[in-house]
Amino acid sequence: MRCRAATAQSAVTRLILLGTAGGPRPQKARAASAQVIVSKNVAYVIDCGDGVARQLTLAGVPLTTLRHVFITHHHSDHNADYGNLIWLAWTTGLSTRVDTWGPPPIEKMTKLFFEMNTYDIDTRISNEGRVPLAPLVHVHEIRGGGVVMSDDNVKVTSALVDHPPVVPAFAYRFDARDRSIVISGDTAPSDNLVKLARGADVSNVSTRRRSNRRGRRRQNARALSPCARRRSAGHRSDVD
Ligand SMILES: [Zn+2]
């Protein structure tokens with residue numbers, strides 16, 4: 001089978017791993033969980049571990065191109081900088097709509113984040129002439145698997161994965177015209193993930209180290225396409 005991923009240089013759609021560390025504790029050499037898919041200069045960020053805005057900057061992805069944010073689950077190594085990413089992108093000049101997607105209570109988290117930072121936001125609106133931030137952000141809570149959204153660049157589909165006690169936890173599949181990319185989030189062996197990732201070109205699978213790590217990783221990888229298996233690069237950790 002010929003991997004479409006092999007033509008990466010000519011591909012329009014790119015996956016950049018911004019962080020692959022496991023667990024919320026900051027590490028010297030690895031950044032926390034985050035990745036971005038860039039398609040036609042539109043940034044789709046999946047998970048927002050600590051430092052995601054800086055990691056995007058280091059990767060050369062302008063924060064002003066942020067359009068969608070997807071959260072796989074509410075562990076802090078995946079969402080610690082969820083609000084910060086949007087806030088800092090706005091301070092950098094973002095003035096266009098951002099849609100965010102994830103499990104409950106992402107709506108409440110977003111509302112409280114803006115409330116917590118009202119002082120700075122209001123100051124920048126009055127002193128720097130920035131547009132109001134909250135109206136730019138449209139939050140969508142996801143409770144089950146299925147089509148999440150689609151636009152001119154990608155169709156995004158979610159699947160429930162197994163990450164107790166965090167329920168729900170999601171994997172996301174991005175189908176672009178030139179490739180399909182699957183982001184697993186954290187998960188134990190999951191039939192839903194296997195089904196979601198079937199035929200994908202690239203996958204980023206994260207598993208927990210505790211108890212039978214290799215078996216879990218193999219089981220999830222087994223049903224992915226040969227291309228996807230070669231690209232698996234998520235974290236394996238003792239903590240979530
Ligand atoms: Zn987790």
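Colleague: Which residue follows α3, and what is the sign of its phi?
Modeller: G93 comes right after α3. Its phi is positive, near 130°. Keep in mind that this is a predicted model.

Colleague: Which residues of α3 are buried?
Modeller: To call a residue buried, count the other C-beta atoms within 10 Å of its own; 20 or more will do. In α3, that holds for Y82, G83, L85, I86, W87, A89 and W90.

Colleague: Let's turn to the sheet. In what order do its strands come?
Modeller: Read from one edge to the other. The order is β1-β2-β3-β4-β5-β6. The sheet is open, has six strands and shows mixed pairing.

Colleague: Why is one side of β1 and of β6 left without a neighbour in the sheet?
Modeller: Count partner strands. β1 (13-19) and β6 (137-141) each have a single one, so both stand at the edges.

Colleague: By how many degrees are neighbouring strands turned against each other?
Modeller: The average is 20°, with direction ignored.

Colleague: What does α3 touch when it packs on the sheet?
Modeller: Helix α3 spans residues 82-92. It touches β3, β4, β5 (98-102) and β6. Check the direction too: α3 makes about 175° with β4. Another helix, α4 (residues 106-116), lies across β5 and β6. It runs at about 150° to β6.

Colleague: In what sense do β2 and β3 pair, parallel or antiparallel?
Modeller: Antiparallel, over six bridges. β2 covers residues 34-39. One pair to find is V36 with its bridge partner V45 in β3. The two strands form a hairpin with two residues between them. Look at K40 in that turn: its phi is positive, about 50°.

Colleague: How do β3 and β4 run, and how many bridges join them?
Modeller: They run parallel, and four bridges join them. β3 is residues 42-48, and β4 is residues 66-70. Y44 has H68 as its bridge partner in β4. I46 stands opposite F70. On to the next pair: β4 and β5 also run parallel, joined by three bridges. There, V69 stands opposite T100 in β5.

Colleague: What kind of unit do β3, α1 and β4 make?
Modeller: A right-handed β-α-β unit.

Colleague: Why are β3 and β4 described as largely enclosed by the rest of the structure?
Modeller: Count buried residues in each strand. In β3, six of the seven are buried, so that strand is largely enclosed. In β4, four of the five are buried, so the same description applies there.

Colleague: Which residues touch the most other members of the largest nonpolar core?
Modeller: Y44, V45, C48, V69, L85 and A171. The core has 52 residues. Its largest share, six residues, comes from α3. Now follow Y44 beyond four places in sequence: among the residues it touches are V36, I37, V154 and F174.

Colleague: Is A53 buried or exposed?
Modeller: The count must reach 20 to be buried. A53 has 22 other C-beta atoms within 10 Å, so A53 is buried. Its place is in helix α1 (residues 52-58).

Colleague: How far apart are A53 and I86 in sequence and in space?
Modeller: Compare the two distances. They are 33 residues apart in sequence and 8.5 Å apart in space, C-alpha to C-alpha. Contacts of A53 beyond four places in sequence include L63, D81, L85 and A89.

Colleague: What is the mean pLDDT of the chain?
Modeller: It is 88, and 82% of the residues reach 70 or more. Residues 1-10 are below 50; beyond near neighbours in sequence, that stretch has 11 contacts in the model. Residues 222-230 stay under 50 too, with 20 contacts beyond four places in sequence. Where pLDDT is low, do not read the predicted coordinates in detail.

How values were computed:
Residues numbered from 1 in each chain as written. Predicted model: local features only at pLDDT ≥ 70, side-chain atom pairs only at ≥ 80, totals over all residues. Pairing = 2+ DSSP bridges. Axes fitted to C-alpha atoms, helices over the stretch in contact; angles between N-to-C directions. Contact = placed C-beta atoms within 7 Å. Core = buried A, V, L, I, M, F, W, Y, C linked by C-beta atoms within 7 Å. Buried ≥ 20, exposed ≤ 12 C-beta atoms within 10 Å, placed from the backbone. pLDDT = per-residue confidence, 0-100. Right-handed = clockwise from strand over helix to strand, strands pointing away.
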